[in-house]
Amino acid sequence: MQEPLVVHRETHISAPPSAVFALLTDPEKILRWMGTEAQVEPQPGGLYLVNVTGARFARGSFREVVPVHRLAYSFGWDGSEIVPPGSSLVEIDLIEKPDGTLLRLTHTGLPNAEQCAGHAEGWEHYIARLAEYAAGRDPGPDPWSGRV
C-alpha cells in the first residue's frame with residue numbers, strides 16, 4: 001500500500017501562539033519572513049494570496065480560522081497545472097508550550113512525490129525564517145527571492 005502524499009513539519013518557536021498567529025495572518029507581518037506581496041483575509045472563505053518569492057503567487061482560501069490556535073487554507077500556484085490554486089490543503093496548529101509555541105504544519109493534496117519533496121523543502125525554509133523572526137532575530141534577505 002502506497003503512503004499518502006503528505007508534508008509534515010513541526011518546529012518550536014520562541015514566541016507565544018498569539019505572536020505566531022499574527023505572523024501567519026497579518027499581511028505586513030507575513031512579509032517580514034516570506035514573500036514580497038500578501039493579501040490575506042483570515043476568515044472562512046477569505047482570500048489567501050502571497051507572492052512567495054517575488055516571482056510566484058500562492059493562492060487559495062481560508063477554510064478554518066481559530067484565532068491563535070489553528071489555520072487551514074486551500075493552496076496552489078497561479079498558472080500551475082500541476083498544483084493549481086486551491087488544489088491542496090495547508091493546516092497549521094499552534095500549540096502553547098511553557099517556552100513558546102509548537103507549530104505543526106500538515107500539507108495534503110499534493111499530486112506526486114516530487115511536489116511533496118519540493119513543498120517540504122519550501123515549508124522547511126520558510127518556517128525556519130518565521131521562527132527566527134518570531135524569536136526577535138532578523139532572518140535577513142530571502143535567498144530564494146526570485147525563485148520560480
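Student: Which helix or strand gives the largest share of the lining of the second largest cavity?

Tutor: That's H3, with three residues. Helices (H or I, at least four residues) and strands (E, at least two) are DSSP runs, numbered from the N terminus. Strand S7 (100-108) and H3 each supply at least two residues of that lining.

Student: Anything to know about the model itself?

Tutor: It's a predicted model, where local features need pLDDT of at least 70 and side-chain atom pairs count only at pLDDT 80 or more, while totals for chains, interfaces and linings use all residues. Residues are numbered from 1 along each chain as its sequence is written, and side-chain values use heavy atoms, with hydrogens and water left out.

Student: What counts as a cavity, and what as a pocket?

Tutor: Picture a 1 Å grid over the protein atoms alone: a cavity is a set of points where a 1.4 Å probe fits but cannot get out, and a pocket is an open set with protein on both sides within 12 Å along at least five of seven lines. Lining residues have an atom within 4 Å of a point. Grid points are joined across faces, edges and corners, and a volume is the space filled by probe spheres set on the points. Here you get two cavities of 30 Å³ or more.

Student: What volumes do they have?

Tutor: About 50 Å³ for the largest cavity, and about 30 Å³ for the second largest. Leu-24, Ile-30, Trp-33, Met-34, Tyr-48, Tyr-73, Ile-92 and Trp-123 line the largest one. Around the second largest you'll find Leu-24, Trp-33, Ile-92, Leu-103, Leu-105, Trp-123, Ile-127 and Leu-130.

Student: How do I read the lining by class?

Tutor: Ala, Val, Leu, Ile, Met, Phe, Trp, Tyr, Cys and Pro count as nonpolar, Asp, Glu, Lys and Arg as charged, and the others, Gly among them, as polar. The largest cavity's lining has eight nonpolar, no polar and no charged residues. For the largest pocket, the split is nine nonpolar, five polar and four charged.

Student: Which residues lie nearest the centre of that pocket?

Tutor: Arg-56, Trp-77, Gly-118, Gly-122 and Trp-144, out of 18 lining residues. The space there is about 450 Å³, and helix H3 (residues 113-134) gives the most to the lining, eight residues.

Student: Why does Ala-58 count as buried?

Tutor: Buried means under 20% relative accessible area, exposed over 50%, partly exposed in between (1.4 Å probe, protein chains only). Ala-58 is at 0% relative accessibility, so it counts as buried. Ala-58 sits in strand S4 (residues 57-66). Contact means heavy atoms within 4.5 Å; not counting residues up to four places away in sequence, Ala-58 touches Tyr-48, Leu-49, Val-50, Val-52, Phe-75, Gly-76 and Trp-77.
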